[in-house]
Amino acid sequence: MRIHHVGVVTSNMDRSITIYEKLGYRKAVDVIDPFQNNRIVMMDRGEGVMIELIWPANEQSTVRNFSDGYHHLCYEMEPGEDVGQGFKRLRIGKIFTEPITAPAFDGRKVVFACLLDGSFIEFILCEEGEKKNEVRNDGRSH
Amino acid sequence: MKSVTMGEVIEVLNAAGELSLTEEQKETDITELGIDSIAFIKVVVALEEQFDCEIPDSKLILSDMNTLQKIYETMDALYEETMGRDNLSA
């Protein structure tokens, strides 16, 4: 697996986009996630690891109780990697969601885990025969 | 799995949930003290680490574990269940 992105909660999306643009990133994906009730903007600098800006879209948002700033680290699984049993064997935390559809990643499934230190990580699952998500240079995901 | 005491459950709940509950408050609804579903999962992970166990997903319902007493009872029942299973397989 590899690091895919760092999730950052923001209450001011425009300001956050400007901040990361000044750091050399550009907006690659901008979607409303109806499953987690967040607006998601992926900021990319062409170096592999992206910044995921997460803005709570309503009262059901999964980040409604989080302060602005770092929220999670996300790993993308490789084909054939079993996140469920593999993670359980490590005994470093617990996966606490069912696979959730992620519109920001072309509808791929993700799960979240809480680690023993109380921090969160996300895994982008790679189902058999599935191509991994990549962001094109024209700024759109596919 | 390790045996469960109310004192240890209080310690874990207070540390992971950032609370300051005492045994006298064992019927207090922790959701009214700010424990939401995310804080709850942190408590669950801390309980699993403390008592060296895995709490089944079927028990991970906040409304069923929303007081100190209910958490203690859940953990104690899990311990009894684990011990029973171990005795059967011995």
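Chain A holds two helices and nine strands, where helices (H or I, at least four residues) and strands (E, at least two) are DSSP runs numbered from the N terminus. This is a predicted model, in which local features need pLDDT of at least 70 and side-chain atom pairs count only at pLDDT 80 or more, while totals for chains, interfaces and linings use all residues. Residues are numbered from 1 along each chain as its sequence is written, with chains lettered from A and ligands numbered from 1 in the order in which they are written. The predictor gives the complex an ipTM of 0.72 and a pTM of 0.82.

**Chain A at a glance**

- Along the sequence, the elements of chain A run β-α-β-β-β-β-α-β-β-β-β.
- Of its 142 residues, 31% are buried; buried means that 20 or more other C-beta atoms lie within 10 Å of the residue's own, exposed means 12 or fewer, and partly exposed is in between, with C-beta atoms placed from the backbone.
- Taking contacts in chain A between residues at least 6 apart in sequence, 55% join residues at least 24 apart; a contact needs C-beta atoms, placed from the backbone, within 7 Å.
- Helix 2 of chain A (residues 83-90) lies largely in the open, because the number buried among its eight residues is zero.
- Just after helix 2 of chain A comes Arg91(A), with a positive phi near 55°.

**A closer look at Val9(A)**

- Val9(A) sits in strand 1 (residues 2-9) of chain A, and it counts as buried because it has 23 C-beta neighbours inside 10 Å.
- Its C-alpha is 6.4 Å from that of Tyr70(A), although the two are 61 residues apart in sequence.
- Leaving out residues up to four places away in sequence, Val9(A) touches Ile54(A), Val63(A), Phe66(A), Ser67(A), Asp68(A), Gly69(A) and His71(A).

**Helix 2 of chain B and the interface**

- Nine residues of chain B are in contact with seven residues of chain A.
- Helix 2 (residues 37-51) of chain B gives the largest share of chain B's side, seven residues.
- That side has five nonpolar, no polar and four charged residues; Ala, Val, Leu, Ile, Met, Phe, Trp, Tyr, Cys and Pro count as nonpolar, Asp, Glu, Lys and Arg as charged, and the others, Gly among them, as polar.
- Helix 2 of chain B is largely enclosed by the rest of the structure, because 11 of its 15 residues are buried.
- Among those buried residues are Phe40(B), Lys42(B), Glu48(B) and Phe51(B).
- After helix 2 of chain B comes Asp52(B), with a positive phi near 50°.

**Nonpolar cores**

- The largest nonpolar core has 27 residues, of which Val9(B), Leu13(B), Val43(B), Leu47(B), Ile71(B) and Met75(B) touch the most other members; such a core is a set of buried Ala, Val, Leu, Ile, Met, Phe, Trp, Tyr and Cys residues joined through C-beta atoms within 7 Å.
- Two or more residues of this core come from each of strand 8 (108-115) of chain A and helix 1, helix 2 and helix 3 of chain B.
- Helix 2 of chain B supplies the largest share, nine residues.
- A second, separate core of 23 residues includes Ile54(A), Ala104(A), Phe123(A) and Ile124(A).

**Confidence in chain B**

- Chain B has a mean pLDDT of 91, and 98% of its residues reach 70 or more; pLDDT is the predictor's confidence in each residue, from 0 to 100.
- Among the elements of chain B, the lowest mean pLDDT (87) belongs to helix 3 (residues 68-89) and the highest (95) to helix 1 (residues 6-17).

Terms used:
Contact = placed C-beta atoms within 7 Å.
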